[in-house]
Amino acid sequence: MISKRLQAIASLIDKNSKVIDIGTDHAYLPIFLYNNNITNKITATDVSENVLKSSFKNLTKNGLENKIKLIKSDGFTNVFEKYDLAVIAGMGTHTIIKILNSSNIPNKLIIQSNNNVDRLRKFMNKLDYKIDEEIAIIDKNKYYNIIKYEKGKEKLDSGQILFGKSNNKNYYKYLLEKNKLLYEKSKNEKYIDNIKILQNIIEKIPD
């Protein structure tokens, strides 16, 4: 069984869409998508030869070595086909932004960054991608923000850039407590602003 994080990513993928998984990490997500009849039009890429070897072994175990295409590529560098959707997950915002510096980006993206998600939201907003859906999930005691983007403009307020557009009340309560602790340690006024924003977000989410 794949992780909760990858299951959440899979839940955002449109059925029968043509998907590319950038930085596939053992091809777990592509195999799940195929075996669960979400889509059979899947390409997986990675910059690492060792990862691709591991991915091929996993595809072979599942009888999918001729069903899912593997490409050695640094981001979209060696990707020349057009796709409905790209998944870019499990890496940092700096690397993701570097990957998105390409003319071959699909109109739909699912992105999960391991850090600086506020910077990612700001970048995507300037790139004219809007948040279609955002999920905050906990997996192995760590929260992950999984964001589905589509081409289009939207205006995000400071709270949405900082903390996203999910409706997970527990996640926002976790952030609230975290910011309270950070304020107690540092007495930095920015955490007071964050606390006010988070309290306002929490009030608006129904129980």
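**Figure 1. Overview of the predicted chain.** Buried residues make up 48% of the 207 residues in the chain. The model is predicted. The chain holds 8 helices and 7 strands. Its C-alpha atoms fill a box of roughly 55 × 35 × 30 Å along the principal axes. A compact globule with 207 residues would have a radius of gyration near 17 Å, and the chain's 18 Å agrees with that. Among contacts with a separation of 6 or more, 56% join residues 24 or more positions apart.

**Figure 2. The largest nonpolar core.** This core has 26 residues. Which of them touch the most other members? They are Ile9, Ile13, Leu29, Leu33, Val87, Ile110 and Ile146. Two or more residues come from each of helix H1 (4–11), helix H2 (28–35), strand E4 (85–91), strand E6 (129–139) and strand E7 (142–151). Another core lies apart from this one. That other core has 23 residues, including Ile20, Ile99, Leu100 and Leu156.

**Figure 3. Close-up of Ile146.** Ile146 is one of the core residues that touch the most other members. What does Ile146 touch, beyond residues up to four places away in sequence? Its partners include Arg5, Ala8, Ile9 and Leu12. Ile110, Ile111 and Gln112 are also among them. Glu133, Glu134, Ile135 and Ile137 complete the list.

**Figure 4. Helix H2 and its cover.** In H2, Leu29, Pro30, Ile31, Phe32 and Leu33 are buried. Of the residues in this run, Leu29 and Leu33 also appear among the core members with the most contacts to other members. What covers the buried residues of H2? The cover includes H1, E1, strand E2 (42–46), helix H3 (49–61) and E4. After H2 comes Asn37. The phi of Asn37 is positive, near 55°.

**Figure 5. Thr24 in the loop before H2.** Thr24 sits in the loop between strand E1 (19–22) and H2. Is Thr24 buried or exposed? Thr24 has a relative accessible area of 5%, so it is buried. Leaving aside neighbours within four places in sequence, Thr24 contacts Pro30, Ala44, Thr45, Asp46 and Ser55. One of these partners, Pro30, is itself a buried residue of H2.

**Figure 6. The largest pocket.** The volume of this pocket is about 680 Å³. Its lining has 26 residues. Which lie nearest its centre? They are Leu162, Phe163, Tyr171, Leu175 and Lys178. Strand E5 (108–113), helix H5 (117–126), E7, helix H6 (158–163), helix H7 (169–186) and helix H8 (189–204) each give two or more residues to the lining. H7 gives the most, with 6 residues. By type, the lining divides into 11 nonpolar, 9 polar and 6 charged residues.

**Figure 7. Leu198 packed against its partners.** Leu198 lies in helix H8. Its relative accessibility is 0%, so Leu198 counts as buried. Leu198 and Leu175 are 23 residues apart in sequence. In space, their C-alpha atoms are 7.5 Å apart. Leu198 touches Leu175, along with Phe163, Tyr172, Leu176 and Asn179, not counting residues up to four places away in sequence. Two of these partners, Phe163 and Leu175, are among the lining residues nearest the centre of the largest pocket.

Terms used:
Residues are numbered from 1 along each chain as its sequence is written. This is a predicted model: local features need pLDDT of at least 70, side-chain atom pairs count only at pLDDT 80 or more; totals for chains, interfaces and linings use all residues. Side-chain values use heavy atoms; hydrogens and water are left out. A nonpolar core is a set of buried Ala, Val, Leu, Ile, Met, Phe, Trp, Tyr and Cys residues joined through side-chain atoms within 4.5 Å. Buried means under 20% relative accessible area, exposed over 50%, partly exposed in between (1.4 Å probe, protein chains only). Helices (H or I, at least four residues) and strands (E, at least two) are DSSP runs, numbered from the N terminus. Contact means heavy atoms within 4.5 Å. On a 1 Å grid over the protein atoms alone, a cavity is a set of points where a 1.4 Å probe fits but cannot get out, and a pocket is an open set with protein on both sides within 12 Å along at least five of seven lines; lining residues have an atom within 4 Å of a point. Grid points are joined across faces, edges and corners, and a volume is the space filled by probe spheres set on the points. Ala, Val, Leu, Ile, Met, Phe, Trp, Tyr, Cys and Pro count as nonpolar, Asp, Glu, Lys and Arg as charged, and the others, Gly among them, as polar. The radius of gyration is taken over C-alpha atoms; the globule rule is 2.2 Å times the number of residues to the power 0.38.
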